[in-house]
Amino acid sequence: MTRNLPASTAESPLPELGAPVPADAPTILVVEDEENLLFTLRYNLEREGYRVLTANRGDDGLRIAHERSPDLVVLDLMLPGLDGIQLCRQLRRTSQVPVIMLTALGGESDKVAGLEAGADDYLAKPFGMRELLARIRALLRRAGHGERVGPAAPSLRSRDIELDRERHELRRDGQSLRLKPKEFELLLFFLEHPGKVFSREQILNEVWGKDFHGNARTVDVHVRWLRQKVEVDPARPARLRTVRGSGYLFEG
Ligand code: CA
């Protein structure tokens, strides 16, 4: 037998989440695959007046970070899709957003790896919510009272090539060319490391991450696509050069 309850007393599957959040509240992205913890974090952060975005996979977290430019990221270390270290490293190519890494208790090497990947702070699980909130407030204050933190530099330039990190756009001869996400990351990688030879395996590791189950062909295909956009004559590449038997080199 079912009873129709008035809407106001009907049971909601989720407890009510905090008070309405002001429009200028700092936005925090939480990337965590433990459902209960993710819920608790969201609940507590919203109650503190933050806007909260969530992801339960690393690759989704990275995409949301790029799309929504949060003011701070709370990042779990062990995640499906892309782990916290890889996510942080990839995020750091385009963003200075403060990152707090959630590590395993006593995982000393995790802490070091997290900080080396560009995390600003870490907290070992299990942690107290008040401790996390205090760290978040401190990081937001350091970043300028929760104001949006822009990318390291809006664009990178090398001769006739200009790569816009915010719009993921390549400008050449006054023309704007859209890049696919991995084309963008690959070109960014080359622009950051001019004049150095990288093997396909190194490039796969750096740009796709070591958990990516692709092969060297993936790199070749993306290099071919990029050449269509950065070379005067893609058939005779002068910028993105093949180094026979070794890999690729970008002439800065
Ligand atoms: Ca996890």
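Which residues coordinate the calcium ion? Asp-33, Asp-76 and Met-78 do. The model in which they appear is predicted.

## The calcium site

Asp-33 and Asp-76 each bind through OD, while Met-78 uses O. The distances run from 2.1 to 2.3 Å. Along the chain, the donors follow the spacing D-x42-D-x1-M. Asp-33 sits in the loop between strand E1 (27-31) and helix H1 (35-47), and Met-78 in the loop between strand E3 (72-76) and helix H3 (84-92), so the pair ties together parts that are 45 residues apart in sequence.

How open are two of these donors? Asp-33 has a relative accessibility of 36%, so Asp-33 counts as partly exposed. Met-78 has 62% and counts as exposed.

## The loop between E3 and H3

Asp-83 also belongs to the loop between E3 and H3. Is Asp-83 buried or exposed? Its relative accessibility is 16%, and buried means under 20%, so Asp-83 counts as buried.

The side chain of Asp-83 has a partner in Gln-86. A polar atom of that side chain lies 2.9 Å from the backbone nitrogen of Gln-86.

## Leu-72 in strand E3

Leu-72 is placed in strand E3. Its relative accessible area is 0%, so Leu-72 is buried.

What does Leu-72 touch, once its neighbours within four places in sequence are left aside? One group of contacts is Thr-27, Ile-28 and Leu-29. Another is Val-97, Pro-98 and Ile-100. Ile-136, Leu-139 and Leu-140 complete the list. Take Ile-100 as an example: Leu-72 and Ile-100 are 28 residues apart along the chain, yet 7.9 Å separates their C-alpha atoms.

## Helices H6 and H7

Two packed helices are described by the angle between their axes and the distance between the axes. Helix H6 covers residues 181-192, and helix H7 covers residues 200-208. They pack at an angle of about 115 degrees. Their axes are 10 Å apart. H6 passes H7 in a right-handed crossing.

Which residues meet here? From H6 come Lys-182, Glu-185, Leu-186, Phe-189 and Phe-190. From H7 come Ile-203, Glu-206, Val-207 and Trp-208. By class, the contact has six nonpolar residues and three charged ones, with no polar residues.

Note on methods: Residues are numbered from 1 along each chain as its sequence is written. This is a predicted model: local features need pLDDT of at least 70, side-chain atom pairs count only at pLDDT 80 or more; totals for chains, interfaces and linings use all residues. Side-chain values use heavy atoms; hydrogens and water are left out. Donors are N, O and S atoms within 2.8 Å of the metal (3.2 Å for Na, K and Ca); water is not among the atoms, so sites may look incomplete. Helices (H or I, at least four residues) and strands (E, at least two) are DSSP runs, numbered from the N terminus. Buried means under 20% relative accessible area, exposed over 50%, partly exposed in between (1.4 Å probe, protein chains only). Axes are lines fitted to C-alpha atoms, for helices over the stretch in contact, and angles run from 0 to 180 degrees between N-to-C directions. A crossing is left-handed if the near helix is turned anticlockwise from the far one by less than a right angle, and right-handed if clockwise. Contact means heavy atoms within 4.5 Å. Ala, Val, Leu, Ile, Met, Phe, Trp, Tyr, Cys and Pro count as nonpolar, Asp, Glu, Lys and Arg as charged, and the others, Gly among them, as polar. A polar contact is a pair of N or O atoms within 3.5 Å; within protein, one must be able to donate a hydrogen and the other to accept it, and residues adjacent in sequence count only if both atoms are side-chain atoms.
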